[in-house]
Amino acid sequence: MLSIPAMSKPKWLDWIDMDFRLSDDQTALVETVRTFAERELVDQAAVWDREDRLPEQHIIDTMVQMGLYGICLPTEYGGGGQDLLTALLCIETLAEASPLVAAGVFESNVGPVQVISQFGSDEQKAHWIPKVCAGEAQISIGMTEPESGSALTDLKTRADKVDGGYKLNGRKIFCSGGGHSEAYLVYCRLDPDQLGAKGIGGIIVEKGTAGFTFGKQEQFMGMRGMPSSDLVFDDCVVPEENLVIAAGDFAKLMSCFDTERCGNATMALGIAAGALGVAVEYANERHTFGKPIADRQAIQMMVADMAIRVDASRLMIHRAAVNAADGHPTIHEASMAKVFANETAKAVTDMAMEILGGYGYSTEFPIERMLRDSRGWPLAGGTLQIQKIIIAAAVLGRRFNQRI
């Protein structure tokens, strides 16, 4: 016989009281970023997608001048010293127009540079963070392997200790920024005698290091223009001072990855919000039988569903970011935000295509690009199925062994 427990708030719901109003500074910043996006990105996004290339350098330079690169990194290293939420607000606003452009702000705030900022040596911080904030260097992550994606602790890439450093051997796949970024934070097995997470750490490998090469550039359904390739290590020796996370501190790597998942969710949110905006504008302008299609109840139902999903995604992301305070989001809040925002992006872009009809399917309009871009984020940063297992573990108060 089941007993009914006394009503109490579960530990996984232990969040702080929240005020969802943005500060005046945040509101002004979002408006500035939106003006820039409307002026510089909206029309060019289709060109970059069609030509499968990165934006022009002056776009990056402008965002650096606006302080968007490293906006939540420490001021003593050239960052903006703002909180995580402020960075995510900027990412969302940019991603509405162009996720490709938003990716640079994503990487410079919630990417692997956060591992260096949180856990790196003073020398590593002084060397890399100013370069990232100035747009002079991008640091990408080397994580996934052919047989260790969701099962990350099965990774095989090794970093054996040698005189003065480490010798890396192995291969990483699906590395965003591969071949383009100046440095890579590589998850590797530092202690071959330790199985699972205990032997894994993180090492910075710079582009051009002997024994470090790249595979061919991947061609994906969406996010065209985003460099992506395999990372190949063949007796690649890096200096000892490049070690950021030692064996046994795998949890530090993953705590920073929860911040990155909030960025992933925000990129998806931006795509969904952009699609909603296009659909609303079209619904008000397109007429059938003498009336705007916005007057049709079927359109109203879809627009309402889209708006609900977009707003709920935003609230979940903001909750995770605010609750992180000066640390990292909790794993279950970051996972919840990622799952919901990723699924929202897919659903909202699909409904937007329904509203635009044939125009939605045409490359002359942005919806087909937004739909393609939306499909990538559920695959990156941990699949939705893995995130749901994490959420279930938090709700049920149990850990689940996927190996049995």
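The following exercises, with worked solutions, concern three residues of a predicted model.

**Exercise 1.** Determine where Met223 is found and whether Met223 counts as buried or exposed.

*Solution.*
Step 1. Locate the residue: Met223 is found in the loop that runs between strand E6 (212-214) and strand E7 (228-239).
Step 2. Examine the backbone: the phi of Met223 is positive, about 50°, although Met223 is not a glycine.
Step 3. Apply the cut-off: buried means under 20% relative accessible area. Because its relative accessibility is 13%, Met223 counts as buried.

**Exercise 2.** Carry out the analysis for Phe289: state which strands flank its loop and whether Phe289 is buried or exposed.

*Solution.*
Step 1. Locate the residue: the loop that holds Phe289 lies between strand E9 (287-288) and strand E10 (291-292).
Step 2. Examine the backbone: Phe289, which is not a glycine, has a positive phi of about 50°.
Step 3. Apply the cut-off: exposed means over 50% relative accessible area. Phe289 has a relative accessible area of 83% and is therefore exposed.

**Exercise 3.** Describe the surroundings of Asn109, beginning with the helix in which Asn109 lies.

*Solution.*
Step 1. Locate the residue: Asn109 belongs to helix H5, which comprises residues 99-110.
Step 2. Assess the accessibility: the relative accessible area of Asn109 is 0%, so this residue is buried.
Step 3. Inspect the side chain: a polar atom of the Asn109 side chain lies 2.8 Å from the backbone oxygen of Val105.
Step 4. List the contacts: when neighbours within four places in sequence are left aside, Asn109 is in contact with Leu68, Tyr69, Gly70, Ile71, Cys72, Ala87 and Gln114.

Technical notes:
Residues numbered from 1 in each chain as written. Predicted model: local features only at pLDDT ≥ 70, side-chain atom pairs only at ≥ 80, totals over all residues. Heavy atoms only, no water. Helix = DSSP H or I, 4+ residues; strand = E, 2+ residues; numbered from the N terminus. Buried < 20%, exposed > 50% of the residue type's maximum accessible area, 1.4 Å probe, protein only. Polar contact = N/O pair within 3.5 Å; in protein donor to acceptor, adjacent residues only side chain to side chain. Contact = heavy atoms within 4.5 Å.
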